[in-house]
Amino acid sequence: MTILIHFIIILFSLFSLLCFTFTSAHIIPKFPSSVVSPELQQTSVSVPNGLYRTKFFTQILDHFNYNPQSYQTFQQRYLINDTYWGGAKKKAPIFVYTGNEGDIEWFTLNTGFMFEIAPYFNALLVFIEHRYYGKSIPFGGNDEVANRNSSTLGYMSSTQALADYATLIIDLKKNLSAIDSPVVVFGGSYGGMLAAWFRLKYPHVAIGALASSAPILQFLDLVSPYTFTNIVTQDYKSESENCYKVIKESWKEIEDTANAPGGIEQLHKSFKICKNNTITADALKGWLQTALMYTAMTDYPTPTNFLTPLPAYPVKKMCEAIDSISTAGNESLTKMYAVANIFYNYTGTVTCFDFGNDSDDSIDQGGWNWQSCTEMIMPLGGNNEESIFPAQKWELEDTLSYCKHEYHIVPRPHWITTEFGGQDIGRVLKRFGSNIIFFNGLRDPWSGGGVLKNISKSLIAIVATEGAHHVDLRFSTKGDPKWLKNVRKQEVKIIESWISQYYQDLLLQG
């Protein structure tokens, strides 16, 4: 069995941004939601009629202009579960997931927290797909047409997506005669950013938001471009100084081997690359760096099959694999192969690694690539001298040049912070924001762009030292550590207080 590397290099909840740093061509892979087998067997939730029902909403193309084309419509997919809903007459709550940059079914199947708390709150669950992803494609549902050029992609933005969610939620509540049912929005990573922004922009629609691993500060002039890779570095260094040194020194070893006579053949053999593959030192280093970064993001305390099958605490396992190999002689390549094997072949079923052909057919020329070229300009990939990765300076001009070439448009690196804020966020949000939970796990490289301190009594930062990327939203398992159980209990308690206050206010108004 072989594994296609261009298929497994997965983007999830902002993961695609890393491709700007680690591929010279600035290519953003298509979101491969079908590779993930969600662990539904780990949840105790019983859903007699299935996990969800699929519905479609006729959505307007452009919420903010009145040109003839603005009134075109498309079918926006959403998933719904009313198994535990208390109903409109009881004004039972509605929990809405603000969809990310991919197929909404994949996010739904990896957001077990909402299913597990639905019985307690008697909540209706709704998962809304982000426009231009999954089956929510404008222009007649034709992906090729929708992603053709900047003219058709121009309707793809976070503000349009938020307006989609608001429009759909309001219409759904009306159709269910549930006008007085409170809405709480949930999201992880980019979806978490959208959840937080939705609460700020549409407080009349949602009474609160749980924004998990939402790097709303990962923008120009707010964080260092070295933050992300510094956290990845610390994750491995905290497990083993030797592990850190081996990985850090391996890049030169790979380069030197590739430049030596017969070196490429040696790399083929050392990393068990399939015989029909042509590789370069840069391609191999990028492949290994991908494994290291995604493992840091998903350094969960229990075995998972989220992006790919991984053991509990996979960063620790990688370092153990390195440290367990004899230090006699130069064995950097053997050790790095052991690292790669944990991420790409933990099941042990892969006999050789197939880098595949990165043809244009496998590339999503729209989607997140477009968002990363218009408004989601996030400084990532700068590597200082202490970084586990080769030193590299992040340059805004590199992104600007690529985006101008690819789409013939000029990116707006400061638009997100203009639209949603970010500068001096504590002082600003304290004046008008409320009812948002910001969860961040400090093992997660994206936590460097997250809100890590309480802003007010209702703008609450929950920080888990051992937490990884939106681990709180995952289905619970018997092996979950106490700290994770406590995080979820705290989130439930806060959400319960929002809903209780809403009902009290409703009574006073009545």
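## Phe-198, the nonpolar core and helix H13

Leaving aside neighbours within four places in sequence, Phe-198 is in contact with Leu-162, Tyr-165, Ala-166, Ile-169, Val-185, Pro-203, Val-205 and Ala-206. This is a predicted model, and Phe-198 belongs to its largest nonpolar core, a set of 154 residues in which Phe-95, Phe-186, Trp-197, Phe-198, Tyr-236 and Phe-271 have the most contacts. The largest share of this core, 10 residues, is contributed by H12.

For the chain as a whole, the secondary structure comes to 19 helices and 10 strands, and buried residues make up 60% of its 510 residues. Of the contacts with a separation of 6 or more, 75% are accounted for by residues 24 or more positions apart.

Helix H13, which spans residues 314–323, has Pro-314, Val-315, Met-318, Cys-319, Ala-321 and Ile-322 as buried residues. These residues lie on the same side of H13, because they cover an arc of only 155° around the axis. As a general point, an α-helix has 3.6 residues a turn, so residues three or four places apart point the same way. The buried residues of H13 pack against four helices, whose residue ranges are set out below.

| Helix packed against by the buried residues of H13 | Residues |
|---|---|
| H9 | residues 227–239 |
| H10 | residues 241–259 |
| H12 | residues 281–297 |
| H14 | residues 332–344 |

The packing with H14 can be described in further detail. The axes of H13 and H14 are 8 Å apart and meet at an angle of about 150°, which makes H13 roughly antiparallel to H14, since angles over 145 degrees count as such. The crossing of the two helices, H13 and H14, is right-handed. On the H13 side the contact is made by Lys-317, Met-318, Ala-321 and Ile-322, and on the H14 side by Lys-335, Ala-338, Val-339, Ile-342 and Phe-343. Among these H13 residues, Met-318, Ala-321 and Ile-322 are also listed as buried.

A polar residue in a strand completes the account. Asn-440 lies in strand E9, which runs over residues 436–441, and its relative accessibility is 1%, so Asn-440 counts as buried, the cut-off for this being under 20%. Not counting residues up to four places away in sequence, Asn-440 touches Ser-213 and Ala-214, together with Ser-447, Gly-450, Val-451, Leu-452, Ile-462, Val-463 and Ala-464.

Note on methods: Residues are numbered from 1 along each chain as its sequence is written. This is a predicted model: local features need pLDDT of at least 70, side-chain atom pairs count only at pLDDT 80 or more; totals for chains, interfaces and linings use all residues. Side-chain values use heavy atoms; hydrogens and water are left out. Buried means under 20% relative accessible area, exposed over 50%, partly exposed in between (1.4 Å probe, protein chains only). The arc is that of the directions from the helix axis to the C-beta atoms. Contact means heavy atoms within 4.5 Å. A nonpolar core is a set of buried Ala, Val, Leu, Ile, Met, Phe, Trp, Tyr and Cys residues joined through side-chain atoms within 4.5 Å. Axes are lines fitted to C-alpha atoms, for helices over the stretch in contact, and angles run from 0 to 180 degrees between N-to-C directions. Angles under 35 degrees count as roughly parallel, over 145 as roughly antiparallel, 65 to 115 as roughly perpendicular and the rest as oblique. A crossing is left-handed if the near helix is turned anticlockwise from the far one by less than a right angle, and right-handed if clockwise.
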